[in-house]
Amino acid sequence: MAATQEDLFAFFDQLGIEHSTMAHPPIFTVEEGRAWHDKIPGLHCKNLFLKDKKDKIWLAVMPGDKRADLNRLEKRVHAARLSFGKPDLLLEVLGLTPGSVTPFGLINDHQRRITVVVDDDLPKSEWVNFHPLHNAASTTLRSADLVRFMRALGYDPLIVDCGP
């Protein structure tokens with residue numbers, strides 16, 4: 001069973017991670033979220049659920065305004081031809097649906113199938129924003145706490161430049 005927003009927040013609290021959440025209409029793309037950028041402080045991010053030709057699964061976490069270069073990214077992380085993962089795989093592994101992809105979904109990856117890639121621009125921002133397992137809200141936390149959350153779940157994210 002997939003974790004709920006309440007489960008996620010309880011885990012943050014257990015880790016001592018400061019977080020705040022603002023509800024908003026469902027936002028499916030970075031472009032749709034621009035109207036909320038002034039209302040929610042911090043770096044607004046996007047998350048790419050990817051698969052390579054060897055069936056390895058990747059999650060790239062990066063600034064919303066940064067263009068992803070999948071060809072360069074696959075070389076930087078030694079992936080075998082990256083492409084976007086299918087919605088059924090996203091639901092199976094992270095318990096999420098398209099438009100709701102978030103690193104917080106790692107809480108549902110009990111088999112630790114995901115390799116996490118964090119863009120090297122994220123740690124430069126004190127505060128970062130992600131959907132809290134659904135796209136009708138945004139949760140703000142410190143970028144250092146995002147990495148702490150990932151490590152508490154057993155991930156050691158690769159920190160690389162995800163762009164051109």
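I looked first for the largest nonpolar core in this predicted model, and I found that this core has 33 residues, with Phe104, Leu106, Ile114, Phe130, Leu146, Phe149 and Met150 having the most contacts inside it. I then noted which elements give two or more residues to this core: helix 1 (5-15), helix 4 (87-94) and helix 5 (143-152), together with strand 2 (43-51), strand 3 (57-63), strand 5 (114-119) and strand 6 (127-130). I also recorded a second, separate core of 13 residues, which includes Leu50, Ala60, Leu70 and Val160.

I next took Met150 and listed what this residue touches, leaving out residues up to four places away in sequence: Val61, Pro103, Leu106, Val116, Val118, Tyr155 and Pro157.

I turned to the rings and counted six aromatic pairs. Phe12 and Phe104 form an edge-to-face pair, at 5.1 Å centre to centre and with 75 degrees between the planes. Since Phe12 lies in helix 1 and Phe104 in the loop between helix 4 and strand 5, I read this pair as tying together parts that are 92 residues apart in sequence. Phe12 also pairs edge-to-face with Phe149, at 5.4 Å centre to centre and again 75 degrees between the planes. Phe149 lies in helix 5 and Phe12 in helix 1, so this pair ties together parts that are 137 residues apart in sequence.

I checked burial for these rings, where the cut-off for buried is under 20% relative accessible area. Phe12 counts as buried because its relative accessibility is 0%, Phe149 counts as buried at 0% as well, and Phe104 is buried too. Finally, I noted that ring pairs link Phe9, Phe11, Phe12, Phe104, Phe130 and Phe149 into a cluster.

Methods
Residues are numbered from 1 along each chain as its sequence is written. This is a predicted model: local features need pLDDT of at least 70, side-chain atom pairs count only at pLDDT 80 or more; totals for chains, interfaces and linings use all residues. Side-chain values use heavy atoms; hydrogens and water are left out. A nonpolar core is a set of buried Ala, Val, Leu, Ile, Met, Phe, Trp, Tyr and Cys residues joined through side-chain atoms within 4.5 Å. Buried means under 20% relative accessible area, exposed over 50%, partly exposed in between (1.4 Å probe, protein chains only). Helices (H or I, at least four residues) and strands (E, at least two) are DSSP runs, numbered from the N terminus. Contact means heavy atoms within 4.5 Å. Rings of Phe, Tyr and Trp (its six-membered ring) pair if their centres lie within 6.5 Å; planes under 30 degrees apart count as stacked, over 60 as edge-to-face and the rest as tilted.
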